[in-house]
Every structure is written in C-alpha cells, then in structure tokens.
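Here are a few short exercises on charge pairs and burial. Have a go at each one before you read its solution.

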Amino acid sequence: MSLEQKPVFVKILAEHVGEETEVMELTVPGFYSCTEDAHYVRYEEMAENGEVATKNLLKLQTESMSITKQGAIQSKMIFCENVMSEAKYHTPYGEMILEVNTLSYNVRCEKSTVNDVNYAVDLLYELGAGGQIFTKCHMSIEIVSALLK
C-alpha cells in the first residue's frame, strides 16, 4: 500500500549545550504522509559537496517521535517524554551507544485545508553515555506545506 505524499518544507533549529554551545539550522524540502496512528516526514541532508549525505525519516505520534537516519550516519533515536531510551549511532569512525533522556516533547498540528500541512514540534532532551550526560539539546521542527496557496 502506498501512502499519499505531500511536498513540504522542513525547518529544524537545534541547540546543543555542553562544554560548548552549538546551534544548527536547516531548511530543506521533504515529503509528508500519514497513517491512522502516525505522521511521517522524509527529508535529506546534503553534504558540503552537494551529494546526499543522510536520508531522514521523522515519525510523529501524539506521545512520541523517532528520527531514523540512513547514510553517512545511521541511527534511530526515539523521544518519549520522561523516558530514557538507547540509540545506536553508526558513524564512519565506529558505533556509539547513546542514552536519550526526553525531558519534554510537544507536537502541534494546524491544518487549514486538506492539502495544507502545518506541524510544529518542540523537543528537549539530554544525550549521554555510560550514565554520564554530555549535552542538553533543544530542537524545534516546523513542517509546512510546500504548495502555493
């Protein structure tokens, strides 16, 4: 069964606070689809040479969200408020096991028409390994229809 895919723009603003603060901002085209229990957003991150570096899949649900990455970096991170989860993070340099502690997760949907997609996600989590937290992350994601009104 094929899901109807709608073109969207995905805007991600992520701030990682550890020994240093790092801010990442990304706006890319993607595709949105949904089932009865989840909303999906596919998008690609490009390498500096213009080639696709990582293919990403966001799965949004009322109580949780996951980000699956495939490419130069491979991982699946699951975010569920007040839940500690484990993520395997495969890089060209080897594999890391990360602990993900989701402090808060909020997803908001505002659709004005059948073809209009408008989601906002606010996520606050900690990343660590071996019981030690090494960064606190705040991520905001906006998903908006790419169709002209």
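**Exercise 1.** Place Lys 11 on the accessibility scale.

*Solution.* Lys 11 comes out at 34% relative accessibility, so call it partly exposed. The scale runs like this: buried is under 20% relative accessible area, exposed is over 50%, and partly exposed is in between (1.4 Å probe, protein chains only).

A word on the ground rules: this is a predicted model, where local features need pLDDT of at least 70 and side-chain atom pairs count only at pLDDT 80 or more, while totals for chains, interfaces and linings use all residues. Residues are numbered from 1 along each chain as its sequence is written, and side-chain values use heavy atoms, with hydrogens and water left out.

**Exercise 2.** Find the salt bridges and say what each one links.

*Solution.* Start with the count: there are two salt bridges (a side-chain nitrogen of Lys or Arg within 4 Å of a carboxyl oxygen of Asp or Glu).

Next, take Lys 11 and Glu 25, paired at 3.9 Å, N to O. Lys 11 sits in strand S1 (residues 6–17) and Glu 25 in strand S2 (residues 21–34), so this bridge ties together parts 14 residues apart in sequence. Strands here are DSSP runs (E, at least two residues), numbered from the N terminus. Glu 25 is exposed, at 54%.

Then turn to Lys 69 and Glu 45, which pair at 2.8 Å, N to O. Lys 69 is in strand S5 (residues 64–71) and Glu 45 in strand S3 (residues 39–46), 24 residues apart. Lys 69 is buried, at 17%.

Terms used
Helices (H or I, at least four residues) and strands (E, at least two) are DSSP runs, numbered from the N terminus.
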